[in-house]
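Welcome, and please open the model in your viewer. We will go from one selection to the next and look at what is there.

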Amino acid sequence: MRDDVAPAAAPTRRGQRHLLWLGLLAIAAVLVSLGLGRFSLPPGTVLRILLSHVLPIEAGWPRTAEIALMQVRLPRIGVAMLVGASLATGGAACQGVFRNPLVSPFVLGVSAGAGFGAALAILLDGGALAVQVSAFGFAALATFCTSLLGRAYRGNRTLVLVLSGIIVGSMFTALLGLLKYSADPENKLPVIEYWLLGSLSGVRAPTFWTLLAINAPLLALLLALRWRLNLLAMGDEAASALGVRVGLERALQLGLATALASSAVAVCGLVGWVGLVVPHLGRLLVGADHDRLLPATLLMGGTFLLLVDTLARSLSSAEIPLGIVTSLVGAPVFAVMLLRGEKAWS
């Protein structure tokens with residue numbers, strides 16, 4: 001009996017240890033990020049300020065330090081973790097559905113639709129909320145158009161869906177170019193370009209609570225259904241033989257993934273590569289079993305984007321856009337993935 005159980009139990013224990021270490025790494029990254037920035041705070045001061053909100057600790061720090069920590073950095077860190085977790089987990093789900101490690105929710109037109117929606121709201125003098133709502137709405141519209149176009153063609157459903165996403169993304173990219181061409185080059189165009197590069201500089205507490213209310217249930221549902229991705233990864237015929245309604249299951253998983261990605265993009269702009277690279281690194285760490293992979297990518301994605309955002313706001317007085325930093329990291333990793341070929345999905 002022991003010989004039969006040991007081989008299956010060992011990978012489970014290793015996966016649990018990896019998840020534990022990833023959780024501890026995420027906590028450490030949060031504590032480090034709270035103290036870093038143009039206004040640095042010692043770790044001891046950070047802990048005392050945090051504890052003072054639950055324990056009767058006398059304030060021995062400047063009021064400006066508490067404001068910077070509680071009203072600026074803490075919400076921003078929370079949003080960075082949520083956005084990174086949403087993009088990475090959605091990317092892992094898409095790759096599981098497609099059985100291909102080189103796809104992400106952005107393949108379905110999410111980024112192009114969100115970029116067009118945000119540019120349109122900026123051009124119409126909309127505020128921050130209008131930009132986020134418009135970006136989310138057009139990202140959802142792009143996903144719907146991709147799905148609708150994919151149903152209109154016969155053949156390999158996965159390939160057709162990817163090609164449909166490329167078509168819809170190209171259309172929204174062209175429309176975005178038209179908006180940029182007609183925008184005021186002194187006022188509107190710089191704002192549009194900066195949003196497209198991605199940033200968390202304007203994030204405050206209301207943004208965090210709104211994103212948490214939207215994405216936490218989506219993440220919880222996707223994690224609860226993660227074992228069903230293992231059935232889809234077996235192939236359509238094998239999954240159907242086990243009683244899975246493949247079309248409905250695929251639509252549900254892709255719907256959750258794109259909703260997570262579009263809501264994240266609506267908050268911080270276009271931040272690429274997270275949903276593509278982090279799931280691949282997660283597979284290298286914990287394997288391709290989605291029971292372990294999705295929790296791992298959630299923790300890794302949140303930690304990765306938090307560290308990237310901390311670098312972006314700490315390296316220079318002029319904050320570096322997130323999209324630039326994630327591209328600098330993601331592009332070399334993607335090149336390695338291409339060189340590995342099919343081995344990347346083992």
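For sorting a pocket lining, Ala, Val, Leu, Ile, Met, Phe, Trp, Tyr, Cys and Pro count as nonpolar, Asp, Glu, Lys and Arg as charged, and the others, Gly among them, as polar. Keep in mind throughout that this is a predicted model.

**Stop 1: the largest pocket**

Begin with the largest pocket, which has a volume of about 450 Å³. Select Ala128, Val131, Gln132, Trp195 and Val267: of the 20 lining residues, these are the closest to the pocket centre. Now show helices H5 (128-152), H7 (188-197), H8 (205-224) and H11 (246-268), each of which gives two or more residues to this lining. H5 has the largest share, with 4 residues. Colour the lining by residue class and you will find 12 nonpolar residues, 8 polar ones and no charged ones.

**Stop 2: the second largest pocket**

Next comes the second largest pocket, at about 380 Å³. Its lining has 13 residues, and those closest to the centre are Ser147, Arg151, Leu161, Ala251 and Leu254. Keep H5 and H11 on screen and add helix H6 (157-182), since each of these three supplies at least two lining residues. Which helix gives the largest share of this lining? Here that is H11, with 6 residues. The same colouring now shows 4 nonpolar, 6 polar and 3 charged residues.

**Stop 3: two cysteines**

Select cysteine 94 and cysteine 268 and show their sulfur atoms. Why is cysteine 94 not bonded to cysteine 268? The sulfur of cysteine 94 is 17 Å from that of cysteine 268, its closest cysteine sulfur, and this is too far for a bond, because a disulfide needs the two sulfur atoms within 2.5 Å. Cysteine 268 is likewise in no disulfide, and a search of the whole structure finds 0 of them. Switch on a surface to check their surroundings: cysteine 94 counts as buried, at 0% relative accessibility, and cysteine 268 is buried too, at 2%.

**Stop 4: helix H12**

Finish by selecting residues 274-286, which form helix H12. Its 13 residues reach 18 Å from the first C-alpha to the last, close to the 18 Å expected at 1.5 Å a residue. Is H12 mostly covered or mostly open? The helix is mostly covered, with 10 of its 13 residues buried. Among them are Val274, Leu276, Pro279, His280, Arg283 and Val286. Step just past the end of H12 to glycine 287, which takes a positive phi of about 95 degrees.

Note on methods: Residues numbered from 1 in each chain as written. Predicted model: local features only at pLDDT ≥ 70, side-chain atom pairs only at ≥ 80, totals over all residues. Heavy atoms only, no water. 1 Å grid on protein atoms, 1.4 Å probe; cavity = no way out; pocket = protein on both sides within 12 Å on 5 of 7 lines; lining within 4 Å. Points joined across faces, edges and corners; volume = space filled by probe spheres on them. Buried < 20%, exposed > 50% of the residue type's maximum accessible area, 1.4 Å probe, protein only. Expected span 1.5 Å × (residues − 1).
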